[in-house]
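I set down here what I looked up in this structure, entry by entry. The entries follow the order in which I consulted the model.

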Amino acid sequence: MKKFIEEKHDLLAGILAAMALIAIVCEVAFGGFAKENVVGGIKDISGVLIDVLVLFIAASAFIRKPVNFKAKFNKAMDSIKEKYNPLLVEDKKEGVIRYNIASNSDVLFSQTGKSYKRIFELAENKPEEIRFYINKSFFDQKGGNEFNASEIANQIATRLANVYKYEVTPNQNKENYELHVKFNKPIETDDDINALVSLIDYTILLFIARNKS
């Protein structure tokens, strides 16, 4: 029903207005087209048109049209890509939106990125969550025994959950970890997408803060 109203609201408005106008014209005709009846009919017609207009303006405020998520998201990410260039790059893959990050965070100054691996991924249409990846190559490029994927994942998950109030779950992925960030509601509006991009920006900053390259 909601979808029908969204797609056909102009048609419905026209039908309602036409029915009201026919009823008013009939009322005037049955009254013999007397001057006072005609004037009253015109007044009634004006009132009907105003009521119909107000009705559908109000309806449009409550019925949010779905957005093209991928297109809106890519546009919103432009500023983030520019901010972290060339640390962060898009990895075009069918069915998902994926971004990779260079293993060396000093690429922000040296402009020479090394060993790009995915940092986050989400479905390209109606995503329900976003996944961030804790990779040893980024957090401990020099090697050694200091890398603790579980500790890093849990610390970042706690920060994200506290700041953004999402459900954030660390999951082990072989020797590394993933962070599953579950959205509280469907991503449907520009504000939803902007909030998601803000989350991504903040998470990248947390990654850089923990980088040991």
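**Entry: aromatic cluster.** I began with the aromatic side chains of this predicted model. I found that Tyr164, Tyr166, Phe183 and Tyr202 form one aromatic cluster. I then counted the aromatic pairs, and the structure holds nine of them.

I took up the pair of Phe69 and Phe73 next. Their ring centres lie 5.6 Å apart with 25 degrees between the planes, and I entered the pair as stacked. I located both residues in helix 3 (residues 69-84), where they stand four residues apart, about one turn of the helix. Are these two rings buried or exposed? I read a relative accessible area of 4% for Phe69, which is therefore buried. Phe73 has a relative accessibility of 0% and is likewise counted as buried.

I then turned to Tyr166 and Phe183. The ring centres are 6.1 Å apart and the planes stand at 65 degrees; since planes over 60 degrees apart count as edge-to-face, I classed the pair as edge-to-face. I placed Tyr166 in the loop between helix 6 and strand 5 (167-173), and Phe183 in the loop between strand 6 (176-182) and helix 7. The pair therefore ties together parts that are 17 residues apart in sequence. I noted a relative accessible area of 16% for Tyr166, which is buried because the limit for that class is under 20%. Phe183, with 8%, is buried too.

**Entry: helix 6 against helix 7.** Two packed helices are described by the angle between their axes and the distance between the axes. For helix 6 (residues 149-164) and helix 7 (residues 190-210), I recorded axes that come within 11 Å and cross at roughly 145 degrees. I noted the crossing as right-handed. On the helix 6 side, I listed Glu151, Ile152, Gln155, Ile156, Arg159, Leu160, Val163 and Tyr164 as the residues making the contact. From helix 7, the contact residues are Ala195, Ser198, Leu199, Tyr202, Thr203, Leu206, Phe207 and Arg210. Sorted by class, this contact has 10 nonpolar, three polar and three charged residues. I marked Tyr164 and Tyr202, both in this contact, as members of the aromatic cluster above.

**Entry: helix 3 against helix 7.** I examined helix 3 and helix 7 in the same manner. Their axes are 10 Å apart and the helices pack at an angle of about 35 degrees. This crossing is right-handed. I found Phe69 and Phe73 among the helix 3 residues that meet helix 7, along with others including Ala76, Met77 and Ile80. Among the helix 7 residues they meet, I noted Ile193, Val197, Ile200 and Ile204. I recorded the class division of this contact as 13 nonpolar, one polar and four charged residues.

**Entry: Arg98 and Arg118.** I placed Arg98 in strand 2 (residues 96-101) and Arg118 in strand 3. Their C-alpha atoms are separated by 6.8 Å, with their positions 20 residues apart along the chain. I read 14% relative accessibility for Arg98, which counts as buried, whereas Arg118 has 27% and counts as partly exposed.

Leaving aside residues up to four places away in sequence, I listed the contacts of Arg98 as Glu90, Asp91, Lys93, Arg118, Phe120 and Glu121. With the same exclusion, Arg118 touches Arg98, Tyr99, Asn100, Tyr133, Asn135 and Asn173. Over the face of which residue does Arg118 lie? I found that residue to be Tyr133, with Arg118 at 3.9 Å from the ring centre.

**Entry: backbone geometry.** I looked up the peptide bond between Asn85 and Pro86 and found it to be cis, with omega about 0 degrees. I located Pro86 in the loop between helix 3 and strand 1 (88-90).

I also noted non-glycine residues with positive phi. Ser115 has a phi of about 45 degrees and lies in the loop between helix 4 (107-110) and strand 3 (117-123). At 43% relative accessibility, Ser115 counts as partly exposed. For Lys165 I entered a phi of about 60 degrees. Lys165 lies in the loop between helix 6 and strand 5, and counts as exposed at 59% relative accessibility.

How values were computed:
Residues numbered from 1 in each chain as written. Predicted model: local features only at pLDDT ≥ 70, side-chain atom pairs only at ≥ 80, totals over all residues. Heavy atoms only, no water. Axes fitted to C-alpha atoms, helices over the stretch in contact; angles between N-to-C directions. Helix = DSSP H or I, 4+ residues; strand = E, 2+ residues; numbered from the N terminus. Left-handed = near helix turned anticlockwise from the far one by under 90°. Contact = heavy atoms within 4.5 Å. Nonpolar A, V, L, I, M, F, W, Y, C, P; charged D, E, K, R; others polar. Phe/Tyr/Trp six-rings, centres within 6.5 Å; stacked < 30°, edge-to-face > 60°. Buried < 20%, exposed > 50% of the residue type's maximum accessible area, 1.4 Å probe, protein only. Lys NZ or Arg CZ within 6 Å of the ring centre and 35° of its normal.
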